[in-house]
Amino acid sequence: MTNSFAATHAKGKLATDTIFGAGSAANQAVTRFGKDKVVNATIGVILDDNEMLVCLPTVEKVFRNLPITEVTNYAPIAGLPDFLEAAAALTFAENRPDAYINAVATAGGSGVIHHTIWNYSEIGDTLLTSDWYWDPYKVLCEDALRKIDTYSLFDENGKFNIKSFESKVNELLAKQNNLVIIINTPAHNPTGYNLTDSEWDQILDVVSAATRSKEKRIVLLVDIAYIDYAGDKNESRGFMKKFGNMPDDILVVLAFSMSKGYTMYGQRTGAMIGISKNKDVVKEFEDINQFTSRATWSNINRGCMKLLSTIYNDKAVLAQVEAERGTCYRMIQERAAVFMREAKAVNLFMLPYVAGFFLTIPAQKPNAVCDKLHEDNVYAVPLDKGVRIAVCAVPATKISGMAGKVVKALAAV
Ligand code: PLP
């Protein structure tokens with residue numbers, strides 16, 4: 001571009017969002033052919049069986065009953081104390097690790113990722129995540145002048161590829177002293193995989209060994225955006241207890257988000273929860289991340305923070321929210337089960353799905369497969385190495401028949 005005002009580091013930035021792109025193609029098809037004829041599996045939010053956006057009813061009720069000043073007023077930069085307490089308690093349930101813990105409010109889970117990249121890696125450093133990952137990780141790294149590298153998530157048996165993980169951790173730590181690793185589990189986006197407890201043990205063994213040499217440090221950023229749709233509350237959080245046994249050179253950061261768990265996507269509310277055996281590390285965590293909040297967005301959404309603490313502080317209300325969420329969980333599980341059943345019947349290979357909003361089919365030419373699917377009025381998201389299907393957004397009746405159409409599209413490209 002000849003006429004650019006952009007600073008050197010900003011030149012050429014353009015976020016082409018494939019997810020929203022695929023979504024708008026689906027919307028055009030709906031206008032042309034009618035809603036009934038179109039399967040829109042691009043959307044990353046829960047839609048009910050009439051394809052309407054779900055807001056958990058009790059969440060809505062509590063939110064609408066908040067005093068207006070609790071919605072309009074400013075909040076402390078670090079977050080309302082009762083919100084931070086609720087966020088940590090709801091994150092851990094009965095699995096609070098035996099360590100120092102501190103929390104800072106953020107603009108959703110995205111805010112946690114932003115701050116962790118900025119405050120725990122050097123400019124020019126490389127962050128590590130798995131080869132199947134949520135695209136914005138890369139944008140967040142690149143905007144902060146960092147790079148991203150990946151390990152293979154799955155081995156040939158469809159289990160966590162610990163060898164690939166280990167070799168990438170060691171390769172990167174040979175070049176830099178701090179390494180931020182982003183792990184999205186349980187109910188991983190885009191595959192729906194849950195790391196097992198024994199896979200967690202292997203991961204923690206690798207990171208503990210890698211930081212044995214004095215100057216090497218690892219920040220383990222665990223993105224738990226979908227944890228409330230991953231199955232039993234305490235079982236899906238069991239791995240958190242293990243963070244009480246980490247060496248001093250490892251800081252764990254959990255990315256709590258109200259987007260999915262409380263269907264408050266647009267309210268931009270979350271928290272970063274720092275866990276360390278070392279008191280100074282969590283004090284520093286609180287200080288530096290508050291500072292970055294002040295410098296990035298100031299304080300976050302007061303009303304949504306109040307919403308969480310109100311829900312948490314009333315056991316009956318919390319139980320109601322959990323029951324309503326449970327209904328959504330079972331609805332999504334049922335949709336995924338329909339797809340998996342049919343995939344098996346037509347010999348369609350998919351990545352191991354356990355729970356969550358999405359499932360993925362590996363493909364050599366994902367864009368061509370998605371284009372081909374349009375001929376059947378099926379809309380999905382092309383990833384680098386596969387096709388993502390949002391079971392959170394498609395009624396079971398429309399899921400039926402989809403696996404066969406994917407097989408047909410794969411064969412045609
Ligand atoms: N992590 C993953 C894997 C996601 O898919 C999302 C949202 O889609 C987020 C984090 C962050 O969500 P939010 O910033 O809305 O909390």
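## Around the ligand, then out to the rings and cysteines

Start at the ligand: one of its oxygen atoms sits 2.6 Å from an N or O atom in the side chain of serine 259. The protein covers 91% of the 390 Å² of accessible area that the ligand has on its own. Keep in mind as you look around that this is a predicted model.

Serine 259 has company. On serine 110, a polar side-chain atom is 2.6 Å from an oxygen atom of the ligand, and the side chain of tryptophan 134 brings an N or O atom to 3.5 Å from a ligand oxygen.

Now widen the view to the whole shell. There are 14 residues around the ligand, and the closest are Asp223, Tyr226, Ser257, Ser259 and Lys260. Sorted by class, the shell has 7 polar, 4 nonpolar and 3 charged residues. Which helix gives the largest share of the shell? That would be helix H5, residues 108–120, with 3 residues.

Tyr226 is a handy bridge to the aromatic side of things. Besides being among the closest residues to the ligand, Tyr226 belongs to one aromatic cluster with Tyr229, Phe357 and Phe358.

Across the structure, the count comes to 14 aromatic pairs. One worth clicking on is tryptophan 200 with phenylalanine 243: the ring centres are 5.5 Å apart and the planes meet at 80 degrees, so this pair is edge-to-face, given that the cut-off for that label is over 60 degrees. The two residues come from distant parts of the chain, 43 residues apart: tryptophan 200 is in helix H8 (residues 197–210), while phenylalanine 243 is in the loop between helix H9 (233–236) and strand E7 (250–257). Buried or exposed, these two? Tryptophan 200 and phenylalanine 243 are both buried.

Last stop, the cysteines. How many disulfides does a search of the whole structure find? The search comes back with 0. Take cysteine 55, which is in no disulfide: its nearest cysteine sulfur belongs to cysteine 328 and is 9.8 Å away, whereas a disulfide needs the two sulfurs within 2.5 Å. Cysteine 55 is partly exposed, at a relative accessible area of 29%.

Why is cysteine 370 not bonded to cysteine 392? Because the sulfur of cysteine 392, the closest cysteine sulfur to that of cysteine 370, is 15 Å away, too far for a bond. As for its surroundings, cysteine 370 is buried, with a relative accessible area of 3%.

Note on methods:
Residues numbered from 1 in each chain as written. Predicted model: local features only at pLDDT ≥ 70, side-chain atom pairs only at ≥ 80, totals over all residues. Heavy atoms only, no water. Buried < 20%, exposed > 50% of the residue type's maximum accessible area, 1.4 Å probe, protein only. Near = heavy atom within 4 Å. Polar contact = N/O pair within 3.5 Å; in protein donor to acceptor, adjacent residues only side chain to side chain. Areas by Shrake-Rupley, 256 points an atom, 1.4 Å probe, with all protein chains shown as cover. Helix = DSSP H or I, 4+ residues; strand = E, 2+ residues; numbered from the N terminus. Nonpolar A, V, L, I, M, F, W, Y, C, P; charged D, E, K, R; others polar. Phe/Tyr/Trp six-rings, centres within 6.5 Å; stacked < 30°, edge-to-face > 60°.
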